[in-house]
Amino acid sequence: MKGTRIAVIGGGISGLATARYLAGAPERPQVTLLEADGAPGGKVRTVDLGGFEVDTGPDAVLFRAEAVRELLFELGLDAEVQAPALRTAYLWSRGRLRVMPRGSVFGVPDRLLPLMTSGLVSGAGIARAGADLVLPRRPQGQDLSISQLLRPRFGRQICERLVEPLLCGVHAGRADVLSARSTVPEVEAIARDSRSIYLGLRRRAPAARPAEDGPPPPVLVTLRHGLGQLVQALRDDLPEGCLRTGTRAVALTRAGSGWVVSCGEGRPDLDVDAVVLATPAAATADLVEPLSADLARLLSGIRYAGVATVTLVHPLSGIARDLDATGFLVPPADGRFVVGCTWSTAKWPYLHNDRLAVVRCAVGRDGDQRWADLDDDALVAEVRSELEVAMGLTGPSERVLVTRWPGAMPQYAVGHAARLEEIDVEVAGLPGLALTGAAYRGSGLAGCITQARATARAVLDGLSAAEDGDGDGDGAAAGDGAR
Ligand SMILES: Cc1cc2nc3c(=O)[nH]c(=O)nc-3n(C[C@H](O)[C@H](O)[C@H](O)COP(=O)(O)OP(=O)(O)OC[C@H]3O[C@@H](n4cnc5c(N)ncnc54)[C@H](O)[C@@H]3O)c2cc1C
């Protein structure tokens with residue numbers, strides 16, 4: 001396969017990782033990574049805010065994912081990994097910060113005592129959750145929304161006060177829209193295999209359950225200089241000349257058995273044997289529209305929600321309470337503006353400071369885009385007024401940073417899995433084309449990295465099968481692989 005050329009379009013974590021897996025493969029293809037922005041990383045962005053290296057997009061990566069641990073090791077970053085300094089988090093629910101009960105999977109309880117003592121759910125709410133123990137197993141085969149799956153079993157309070165705030169915090173999504181199968185596959189699988197979800201969670205393999213005594217292994221981690229360090233390490237690991245920043249792919253055309261990627265603005269076209277599109281779904285739809293209107297339509301149907309982060313560097317003396325947790329999430333039913341707040345200096349050891357706190361708030365979710373109509377000053381004022389109530393924040397902040405992420409969070413709505421199957425069929429009809437990224441089979445960093453590894457392998461296998469004259473080497477479908 002010597003001399004094989006592959007273009008990867010989109011230099012977010014998905015494109016960077018895909019390019020790296022391709023370039024490092026034994027087949028040694030020549031890889032070119034095109035990124036429209038002036039710097040790679042996409043939504044992964046670490047900035048210097050008054051001497052603090054703060055992440056304005058993702059601030060944690062799922063360490064449980066095998067592909068993540070492998071990648072960090074291969075990049076020599078394992079010594080840079082940092083676990084959160086604290087394990088406790090709060091929910092700002094009905095006027096108070098209340099400890100989030102340990103022992104829950106996406107808000108679904110797998111232990112009763114922490115739930116009962118949290119004060120989050122009333123006695124009646126806990127009794128209602130007991131219905132899960134006696135209800136029959138759900139009918140098999142349907143793709144249900146998270147609400148449809150969980151509300152009949154656990155009742156309104158568990159869903160509104162525990163499940164919804166986690167969904168909002170992680171996916172900026174709604175339980176009545178998101179597919180249980182595609183968004184919380186672990187819970188959905190248990191619901192399929194076990195009559196009671198609660199008992200199914202309790203029966204999970206001990207390794208998958210947090211230890212009853214002592215701290216469980218970290219689920220989420222960062223790096224000593226924020227997650228921008230991962231982007232930098234991936235970038236440094238690419239072969240010289242592989243990454244072209246400030247270069248937007250504007251068109252994709254078939255040329256014999258290969259592809260031509262047009263980069264516009266008098267830039268030379270790229271002639272390649274295969275193309276990986278690691279772009280958000282709307283950008284991918286634009287590029288494939290002339291090739292397959294059906295594929296473009298399927299991609300355009302993946303909706304995104306916009307979010308913004310507001311990061312404050314604030315004197316600890318201007319905060320009335322101890323920052324004794326990683327932060328808090330807010331149930332959407334409480335009608336607040338803030339969706340979640342990370343106490344970054346308390347959460348991450350590398351940010352620790354004796355005088356200042358870094359407090360990062362997320363606003364915006366599917367169905368609540370109020371933030372988008374506000375200018376930065378008004379947005380900060382809204383956030384501050386809620387922080388005053390939630391955690392006693394007073395006085396001026398030393399630094400404030402607003403980062404807007406319009407259309408950033410893909411929503412795996414009911415029907416997402418069926419949509420992916422249709423996408424796979426369309427992509428298979430375009431040999432040498434592959435799609436990967438947050439839009440498909442895992443919207444977090446771990447999902448993107450896991451898909452990138454699978455995509456790179458599928459593209460190389462497809463090319464070598466085509467070279468051997470095996471017609472099955474066609475199109476590597478949307479990330480073929482894990483979440
Ligand atoms: C505020 C926020 C917080 C988050 N927190 C977490 C978290 O804590 N943990 C977690 O795991 N995940 C988190 N996520 C999700 C995570 O950031 C994303 O899933 C992930 O970064 C997506 O990576 P990607 O490479 O698929 O897409 P992107 O990062 O969107 O990258 C796509 C890239 O393609 C480029 N591009 C687009 N069109 C073209 C074109 N035509 N030609 C060339 N380049 C193009 C774009 O410029 C961009 O760089 C968060 C997201 C946000 C917004």
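This report describes the domains, the ligand shell, two sheets and two unusual backbone angles of a predicted model.

Residues are numbered from 1 along each chain, as its sequence is written. Because the model is predicted, local features need pLDDT of at least 70 and side-chain atom pairs count only at pLDDT 80 or more, while totals for chains, interfaces and linings use all residues.

**Domains and their contact**

The protein chain is divided into domain 1 (5-43 + 232-302 + 414-473), domain 2 (60-87 + 304-410) and domain 3 (103-208); domain bounds come from an automatic or database domain assignment. Between the C-alpha centres of domain 1 and domain 2 the distance is 31 Å. Their contact takes 16 residues from domain 1 and 12 residues from domain 2, where two residues are in contact if their C-beta atoms, placed from the backbone, lie within 7 Å.

On the side of domain 1 that touches domain 2, the elements giving two or more residues are α10 (228-237) and α16 (445-467). Helices (H or I, at least four residues) and strands (E, at least two) are DSSP runs, numbered from the N terminus. The largest share of this side, 5 residues, is provided by α16. By class, the side of domain 1 that touches domain 2 holds 10 nonpolar, 3 polar and 3 charged residues. Here Ala, Val, Leu, Ile, Met, Phe, Trp, Tyr, Cys and Pro count as nonpolar, Asp, Glu, Lys and Arg as charged, and the others, Gly among them, as polar.

**The shell around the ligand**

The ligand is surrounded by 36 residues, of which Gly10, Gly12, Gly42, Pro58 and Gly444 come nearest; a residue is near a molecule or strand if its C-beta atom, placed from the backbone, lies within 6 Å of it. Two or more residues of the shell come from each of α1 (13-23), β17, β21 and α16. The shell comprises 19 nonpolar, 12 polar and 5 charged residues. Since domain 1 and domain 2 both give residues to the shell around the ligand, the ligand lies between them.

**The sheet of 7 strands**

An open sheet with mixed pairing has 7 strands in the order β8-β7-β18-β19-β20-β17-β21. β8 (96-99) and β21 (399-410) stand at its edges with a single partner strand each, so one side of each is left without a neighbour in the sheet. On average, neighbouring strands of this sheet are turned by 25° against each other, direction ignored; the axes are lines fitted to C-alpha atoms, for helices over the stretch in contact, and angles run from 0 to 180 degrees between N-to-C directions. Strands of a sheet pair through backbone hydrogen bonds, either parallel or antiparallel. Two strands pair if DSSP finds at least two bridges between them.

At one edge, β17 (residues 304-315) runs antiparallel to β21, and Leu312 stands opposite Val400 in β21. At the other edge, β7 and β8 form a hairpin with 2 residues between them, and Trp92 stands opposite Leu97 in β8. β7 also pairs with β18 (residues 327-329), where Tyr90 stands opposite Phe328.

Strand β7 (residues 90-93) directs Tyr90 and Trp92 one way and Leu91 and Ser93 the other way, and all are buried. A residue is buried if 20 or more other C-beta atoms lie within 10 Å of its own, exposed if 12 or fewer, and partly exposed in between, with C-beta atoms placed from the backbone.

**The sheet of 3 strands**

A further open sheet has 3 strands in the order β13-β14-β15, with antiparallel pairing. Its edge strands, β13 (251-255) and β15 (270-272), each pair on one side only. The twist averages 25° from one strand to the next. Val261 has Leu270 in β15 as its bridge partner.

The table lists bridge counts for pairs in both sheets.

| Strand pair | Sense | Bridges |
|---|---|---|
| β17 and β21 | antiparallel | 9 bridges |
| β7 and β8 | antiparallel | 4 bridges |
| β7 and β18 | parallel | 2 bridges |
| β14 (residues 258-262) and β15 | antiparallel | 3 bridges |

**Positive phi angles**

Most residues other than glycine have a negative phi, and most peptide bonds are trans. Arg94, although not a glycine, has a positive phi of about 45°. Arg94 is located in the loop between β7 and β8 and is exposed, with 12 other C-beta atoms within 10 Å.

Ala172, also not a glycine, has a positive phi of about 55°. Ala172 belongs to the loop between α6 (146-171) and α7 (180-183). With 27 C-beta neighbours inside 10 Å, Ala172 counts as buried.
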